[in-house]
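Got the viewer open? Here's a short walk through this structure, one selection at a time.

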Amino acid sequence: MLNLILFGPPGSGKGTQAAKLVDKYKLLHISTGDLFRYEIGHKTELGMKAQQYISKGELVPDEITIGMLKNKVEANLDANGFIFDGFPRTIAQAKALEDYLHSRSLEVDALLALHVHDEEIVKRILKRGETSGRPDDLDESIIRNRIEVYKSETSPIYDYFDKKGKAYKVDGIGTIDEIFDRLCKQIDSIHI
Ligand code: ADP
């Protein structure tokens, strides 16, 4: 199994790159953002709860998010491995993920962090908002809040995995294919 965390701020291209990585490495893509949007679209209880946070650019509470993530992994333990996209977003989520994988004799193999500066992110998300249908992509102050939450709650996860020798930085500026090549080079260098 190859278990990767695709890491980086909102709008850094995780979803785009995950789709290409899934094709190449035959992994299962798990995006907590997509899972929440599915729940919201189906007006489930979980979806209704999550929407209250997402619409403000805040994080959905850990207990909701971790439970949802575990269910998804549990239902797909026959996969070749996972690409986690948008998860973990807090240190508590990172620890819960590791504990859960360990309980299944699995582990996080690598965290790949896409680097994109703030102004480029705001530009990309506003552009995406023209077609994504996502209300959280339309309002610049909500986007900036998501970036702030990323910096305070999420970015420490990089150091957490770096201390274990598992974190890798990847330049997230360039064409989709250039960035994909950079990611693949990193993965191939750690893939055992
Ligand atoms: P982006 O990467 O553009 O922010 P996502 O689709 O990953 O988009 O996430 C959309 C929203 O869903 C986030 O702003 C947050 O409110 C919520 N969300 C997604 N993943 C998590 C998570 N792991 N923990 C808490 N909230 C999450």
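How are α2 and α3 oriented to each other? This is a predicted model, and to find the answer in it, select residues 32-41 for helix α2 and residues 45-54 for helix α3. Their axes come within 8 Å and cross at roughly 120°. That's why α2 and α3 are oblique to each other. Turn the view until one helix sits in front of the other: the crossing of α2 and α3 is left-handed.

Now show the side chains where they touch. On α2, pick F36, E39 and I40. On α3, pick L46, G47, M48, A50, Q51 and I54. Try coloring this α2 and α3 contact by residue type: you'll get six nonpolar residues, two polar ones and one charged.

Next, clear the selection and switch to a cartoon of the whole protein. You'll be looking at nine helices and five strands. Trace the chain from the N terminus, and the elements go by as β-α-β-α-α-α-β-α-β-α-α-α-β-α.

Zoom out for the overall form. The C-alpha atoms fill a box of roughly 45 × 40 × 30 Å along the principal axes. A compact globule of 192 residues would have a radius of gyration near 16 Å, and the protein's 16 Å agrees with that.

Last stop: the inside. Color by burial, and 47% of the 192 residues come up as buried. Then turn on contacts between residues at least 6 apart in sequence: 73% of them join residues at least 24 apart.

Methods:
Residues are numbered from 1 along each chain as its sequence is written. This is a predicted model: local features need pLDDT of at least 70, side-chain atom pairs count only at pLDDT 80 or more; totals for chains, interfaces and linings use all residues. Side-chain values use heavy atoms; hydrogens and water are left out. Axes are lines fitted to C-alpha atoms, for helices over the stretch in contact, and angles run from 0 to 180 degrees between N-to-C directions. Helices (H or I, at least four residues) and strands (E, at least two) are DSSP runs, numbered from the N terminus. Angles under 35 degrees count as roughly parallel, over 145 as roughly antiparallel, 65 to 115 as roughly perpendicular and the rest as oblique. A crossing is left-handed if the near helix is turned anticlockwise from the far one by less than a right angle, and right-handed if clockwise. Contact means heavy atoms within 4.5 Å. Ala, Val, Leu, Ile, Met, Phe, Trp, Tyr, Cys and Pro count as nonpolar, Asp, Glu, Lys and Arg as charged, and the others, Gly among them, as polar. The radius of gyration is taken over C-alpha atoms; the globule rule is 2.2 Å times the number of residues to the power 0.38. Buried means under 20% relative accessible area, exposed over 50%, partly exposed in between (1.4 Å probe, protein chains only).
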